[in-house]
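Here is a short report for a reader meeting this structure for the first time. Keep the model open while you read.

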Amino acid sequence: MLLNAIRFGVGVLVLVTSPVLLGTAIGQTSQNAALSKLDMSLAASVREGDSGWKRVIIQTSRDDVPLLAGLLYARGNIVGRVHPSISGLTALVSASELAVLAQIPSVKAISVDAVVTATQTTPPSNTTATPFTLRATLGLPINTPKGQGVGVAVIDSGIEPGREFEDRIFRFYDFTASGGTSTPTDDYGHGTHVAGLIAGEGASQTKYRGVAPSTRLIVLKVLDGNGAGYTSDVISAIEFVTAKRAALGVDVINLSLGHPILEPAETDPLVQAVEAAVRAGTVVVVAAGNYGISQQTGDPGYAGIVSPANARSAIAVGSARTFETNVRSDDRVATYSSRGPSWYDGFAKPDVIAPGHRLVSVAAQASRLYLEHPELRVGSSYLRLSGTSMAAGVVSGTVALLLEANPSLTANAIKAILEVTAFRMHDDAGVEYDFLTQGAGAVNPAGAIALAAQIDTSAPLSAPWLVATVDPYTTIDGETLAWAQNIVWGNTAGYGFAMETNEPAWAANIVWGNNIVWGNNIVWGNNIVWGNNIVWGNNIVWGNSLLGAVDGADIVWGTAGSSPELTIWGNLDGSMTSAGFFLTLFSF
């Protein structure tokens with residue numbers, strides 16, 4: 001049973017037989033200090049005296065992974081994949097061993113191998129009479145641009161080949177329990193839908209064409225037929241793509257999945273894998289999550305960002321409702337779209353908002369979503385889904401178009417372009433949403449492409465790099481909207497046309513939000529005002545209740561002290577002991 005509990009695959013560690021003696025580590029630090037190396041879930045297990053087996057990701061000091069693996073093996077634990085980008089490994093260990101393992105000086109952090117999910121809502125059945133196409137509301141002509149020459153890695157539930165993708169599925173890899181096949185497949189259907197928003201051809205109906213329909217797709221299956229998978233599989237897929245980035249031609253990674261944040265970003269293994277991918281030159285786009293509103297009370301809530309959307313260098317995307325019109329002024333942030341700040345660190349997220357509600361895209365006709373949910377079907381070839389998963393796909397397609405316009409742009413420059421050219425959004429009363437709700441604003445692909453095409457990245461640092469004047473407004477469906485011209489850098493909102501010069505901030509080796517020396521062409525405003533909905537400290541206000549009250553191993557969702565079925569964790573087998581009422585409703 002235990003041998004089947006953890007998968008072994010490419011990159012399995014060769015164990016050594018001369019481990020560091022565990023006794024040398026015991027007593028060097030107090031147990032409380034050791035527990036600080038555990039994420040919230042594991043620390044709770046230790047405090048409660050749990051002795052069950054835990055699937056974990058252990059991060060160590062550089063080059064200490066082989067010694068740790070030997071130690072684990074010698075003590076009867078099971079070691080799985082190695083994760084070079086985070087100097088870590090996946091293992092199955094007894095909970096009774098966690099505190100002892102945490103006392104080893106070379107161990108930096110121990111995290112649960114959390115379940116990542118992609119689930120979705122059934123959109124309302126009503127439709128509008130107003131013609132709507134995704135590319136039209138993004139200000140894109142029906143035929144051009146198309147993302148030619150750009151590669152997007154879709155790390156999701158897989159992909160079902162067909163006319164929508166033709167020969168543009170460049171590679172397929174399976175990182176799930178059924179791994180080993182190179183034949184594209186998608187038994188859940190989520191990945192195919194996301195891939196269609198990025199690069200679907202619109203073969204059956206042109207109006208359902210994706211954002212960048214000439215983009216090459218590299219698809220890595222990490223979610224099973226229930227739309228669930230393990231963090232370690234996602235990390236392995238990210239590392240695989242990063243290591244083979246040049247050979248595969250990967251420019252963008254799309255992650256329309258996530259799990260609740262259990263620890264600071266600095267030790268979160270999934271966040272660190274994302275940061276490593278960005279440092280290697282890849283743009284990473286992540287769904288912000290769908291924890292924006294209480295399904296019981298309807299109260300809005302903050303701090304619902306999921307991991308790895310809390311990675312500072314990633315582009316975290318929230319979802320907008322377009323009301324199926326092409327004009328943008330009537331767009332609203334979807335109520336379910338997660339607001340910032342990120343748990344533990346207080347990072348300002350999401351970064352941008354994109355259409356994600358009631359979007360029609362390619363259906364995997366052999367998938368669970370298609371077969372079990374006929375109400376989601378649009379004709380025989382498409383599905384209609386909602387969520388920040390869909391919004392992330394729209395932004396990944398947009399990034400492909402920017403790279404087609406200017407292949408030399410860095411990840412930071414692309415993120416800045418998306419923010420500067422965004423449209424600020426407002427609610428039904430005309431009140432502008434705060435930065436923690438909409439980030440820099442709603443993506444404006446037409447404006448972003450216009451700006452990207454005029455940037456000369458060979459210009460010296462702090463020198464002007466625009467080769468032509470760019471007017472900071474965009475006309476879509478006869479409506480002219482001004483660009484927001486703002487950037488959210490760290491926890492500070494800046495105003496002004498920040499892209500006139502080649503600033504150090506746009507370099508590939510800068511973590512988004514780090515302190516840097518700015519030029520004279522951008523004036524940073526006051527710190528973001530978090531508003532009255534946030535109470536800093538141990539708890540976050542959720543309407544009139546609390547998000548983040550710790551109850552044993554759980555974070556209470558809603559009123560402190562609520563019953564366990566209202567907590568926000570889930571099981572890989574699809575049961576709802578923790579994923580509860582909420583994760584069954586929306587798609588990451």
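Begin with a pair of strands. Strand S18 (residues 473–476) and strand S19 (residues 479–482) run antiparallel and are joined by 4 bridges. Tyr473 has Ala482 of S19 opposite. The two strands form a hairpin with 2 residues between them. There, Asp477 has a positive phi near 55°.

Now step back to the whole protein. The model is predicted. It contains 15 helices and 25 strands. Of its 588 residues, 60% count as buried. Contacts across the sequence also deserve a look. Among contacts with a separation of 6 or more, 75% are between residues 24 or more positions apart.

Next comes an open sheet. Its 3 strands stand in the order S15-S17-S16, and the pairing is antiparallel. Strands S15 (359–362) and S16 (377–378) are the edge strands, each pairing on one side only. S15 pairs with strand S17 (residues 382–385) over 4 bridges, in the antiparallel sense. Within that pairing, Val360 has Arg384 of S17 as its bridge partner. A helix joins the picture here. Helix H6 (residues 190–199) lies across S15 and S17. H6 runs at about 100° to S15.

The two strand pairs with listed bridges can be set side by side.

| Strand pair | Sense | Bridges | Opposed residues |
|---|---|---|---|
| S18 and S19 | antiparallel | 4 bridges | Tyr473 and Ala482 |
| S15 and S17 | antiparallel | 4 bridges | Val360 and Arg384 |

Turn to helix H9. Why is H9 described as largely enclosed by the rest of the structure? H9 spans residues 269–279, and 9 of its 11 residues are buried, so the rest of the structure largely encloses it. A residue counts as buried when its relative accessible area is under 20%. The buried residues of H9 are Pro269, Leu270, Val271, Ala273, Val274, Glu275, Ala276, Ala277 and Val278. Both ends of the helix have details to check. At the N-terminal end, Asp268 acts as a cap. One of its side-chain oxygens lies 3.0 Å from the backbone nitrogen of Leu270. After H9 comes Gly281, with a positive phi near 110°.

Last, look at the enclosed spaces. The count is 4 cavities of 30 Å³ or more. The second largest cavity has a volume of about 70 Å³. Which residues line the second largest cavity? Its lining is made up of Arg312, Phe347, Ala348, Lys349, Asp351, Lys415, Val488, Gly490, Asn491 and Trp512.

Key: Residues are numbered from 1 along each chain as its sequence is written. This is a predicted model: local features need pLDDT of at least 70, side-chain atom pairs count only at pLDDT 80 or more; totals for chains, interfaces and linings use all residues. Side-chain values use heavy atoms; hydrogens and water are left out. Buried means under 20% relative accessible area, exposed over 50%, partly exposed in between (1.4 Å probe, protein chains only). A polar contact is a pair of N or O atoms within 3.5 Å; within protein, one must be able to donate a hydrogen and the other to accept it, and residues adjacent in sequence count only if both atoms are side-chain atoms. Two strands pair if DSSP finds at least two bridges between them. Contact means heavy atoms within 4.5 Å. Axes are lines fitted to C-alpha atoms, for helices over the stretch in contact, and angles run from 0 to 180 degrees between N-to-C directions. On a 1 Å grid over the protein atoms alone, a cavity is a set of points where a 1.4 Å probe fits but cannot get out, and a pocket is an open set with protein on both sides within 12 Å along at least five of seven lines; lining residues have an atom within 4 Å of a point. Grid points are joined across faces, edges and corners, and a volume is the space filled by probe spheres set on the points.
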